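Here is a short, plain tour of one protein chain. Keep the structure open in your viewer and follow along from heading to heading.

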Amino acid sequence: MKNKNINNSTLIIDGTFCLYRSYYAFPLLKNKKNDHCGAIYGFLNTLKKLKNTIFPKKIIIAFDSEKKNFRHKIFLQYKQNRKMIPDILKQQIHPLQKIIEYMGILIIMIPKIEADDIIGSIVNTLKKKNTKKIFIFTNDKDIAQLVNQHIFIINSKFQILDRNAIKKKYGIIPKCIPDFLALTGDTSDNIPGVYGIGKKTAIILINKFKYIKNIYKKNNLIKIKEIRNGNNIFKKLTKNKKQAFLSLKLTTIQKNLITMEKIKYFQKNTFNEKKLLFFFQYYQFKKWTKYIQEKIKKNKKQEIMKLTY
């Protein structure tokens, strides 16, 4: 989808997802000083492609904090199965964030808050400001719960997913994604879910009752016995009720953690050609170096023209 008529749109990038994606796309890339720079190079190329796809008015990049958040407090095993960030990737994070800063793009990273919750809160804030369209670059299925008529996902294949695409992919409407994952669990985040409830059963239950709280209403639990294999489903749900509601807390994105004032606090970045040129030359990014050199030359020419007239 290339559309220069997307007015007043905002692009939000799941920085942590984009970072890992870029790292695995260019794992061996180094400069002449033997510094790894594949994640930086891949991230910048992705950013350029996204900008040329939706032509956003504003770009915000959200990164995970390394510190544990409220989900770890209520469930110690949360994301316990995740591997440590590779050292080669870790050493590229700070220079990448400096480059993004010098490009004049807003970065938001807050201690003890996940990128998902930052994104959810930004979306909620922008909705109140009447932002027409919001595009979120991510492959995280949790974030699909935010999709509505104004909010879209851009996945790793640069496909734009609306409400119908999410429904087709998961079999449920976007706002029911947390309840769906609370039933099935999520191995990537080590969320337990309801033991023995698979995706097919979860889709049936969600489409019939919509939310976890509705499923556990007494009358609805009785109705569950009437569906195919209902007695077994009833037993599993009853036995794992506490686990289901715990999982729902883990899968629900928070939407009120960042106010517009907090977002404005981060808006201090301005385009810095000289510093960008230094980084691009250091990492030997030829196309990016040429782009900045031409930009500097153009700006100098404009300054001379002003003096002339």
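## Phe55 and Lys79: two unusual backbones

Start at Phe55, which is partly exposed, with a relative accessible area of 30%. Bear in mind that you're looking at a predicted model. On the map, Phe55 sits in the loop between helix 2 (38-54) and strand 2 (58-62). What makes this residue worth a click is its backbone: phi of Phe55 is near 50 degrees, a positive value in a residue other than glycine. Most residues other than glycine have a negative phi.

Lys79 does a similar trick, with a positive phi of about 55 degrees although it isn't a glycine. You'll find Lys79 in the loop between helix 3 (70-74) and helix 4 (87-102). Is Lys79 buried or exposed? It counts as buried, because its relative accessibility is 19% and the cut-off for buried is under 20%.

## The chain as a whole

Now zoom out. The chain has 15 helices and six strands, and its C-alpha atoms fill a box of roughly 85 × 40 × 35 Å along the principal axes. Of the 309 residues, 47% are buried. Take the contacts with a separation of 6 or more: residues 24 or more positions apart account for 71% of them.

As for the surface, the chain exposes about 17,900 Å², with carbon and sulfur atoms supplying 52% of that. Charge is worth a look too: there are 64 positive and 20 negative side chains, and the centres of the two sets lie 5 Å apart.

## Helix 11 and its two faces

Which residues of helix 11 are buried? In this helix, which runs over residues 230-239, they are Gly230, Ile233 and Leu237. These three cover an arc of only 60 degrees around the axis, so they end up on the same side of helix 11. The general rule behind such patterns is that an α-helix has 3.6 residues a turn, so residues three or four places apart point the same way.

Spin helix 11 around and the face turned away from the buried side shows the exposed residues Lys235 and Lys239. What do the buried residues of helix 11 pack against? Their partners are helix 7 (177-184), helix 8 (199-209), helix 9 (212-215), helix 10 (218-224) and helix 12 (241-251).

## Aromatic rings

If you like aromatics, there's plenty to click on: a search of the whole structure finds 18 aromatic pairs. One of them joins Tyr283 and Phe285, whose ring centres are 5.8 Å apart and whose planes meet at 20 degrees, so this pair is stacked. Both Tyr283 and Phe285 are buried. For Trp288 and Tyr291 the ring centres are 6.1 Å apart and the planes are at 85 degrees, so that pair is edge-to-face.

Trp288 and Tyr291 both belong to helix 15 (residues 286-308), where they sit three residues apart, about one turn of the helix. Trp288 is buried, with a relative accessible area of 10%, whereas Tyr291 counts as partly exposed at 39%. These four rings are part of one aromatic cluster, which is made up of Phe26, Tyr41, Tyr102, Phe278, Phe279, Phe280, Tyr282, Tyr283, Phe285, Trp288 and Tyr291.

## Two loop residues: Ser188 and Pro111

Ser188 is in the loop between helix 7 and helix 8, and at 33% relative accessibility it counts as partly exposed. Remember Lys79? The C-alpha atoms of Ser188 and Lys79 are separated by 7.1 Å, although the two residues are 109 residues apart along the chain. Leaving out residues up to four places away in sequence, Ser188 touches Asn81, Arg82 and Lys141.

Pro111 makes a handy last stop, in the loop between strand 3 (106-108) and helix 5 (115-128). Pro111 is exposed, with a relative accessible area of 52%. Which residues does Pro111 touch, not counting residues up to four places away in sequence? The answer is Ser65 and Lys67. From Pro111 to Ser9, 102 residues apart along the chain, the C-alpha atoms are separated by 27 Å.

Methods: Residues numbered from 1 in each chain as written. Predicted model: local features only at pLDDT ≥ 70, side-chain atom pairs only at ≥ 80, totals over all residues. Heavy atoms only, no water. Helix = DSSP H or I, 4+ residues; strand = E, 2+ residues; numbered from the N terminus. Buried < 20%, exposed > 50% of the residue type's maximum accessible area, 1.4 Å probe, protein only. Contact = heavy atoms within 4.5 Å. Areas by Shrake-Rupley, 256 points an atom, 1.4 Å probe, with all protein chains shown as cover. Lys, Arg positive; Asp, Glu negative; His and termini not counted. Charge placed at Lys NZ, Arg CZ, Asp CG, Glu CD. Arc of directions from axis to C-beta. Phe/Tyr/Trp six-rings, centres within 6.5 Å; stacked < 30°, edge-to-face > 60°.
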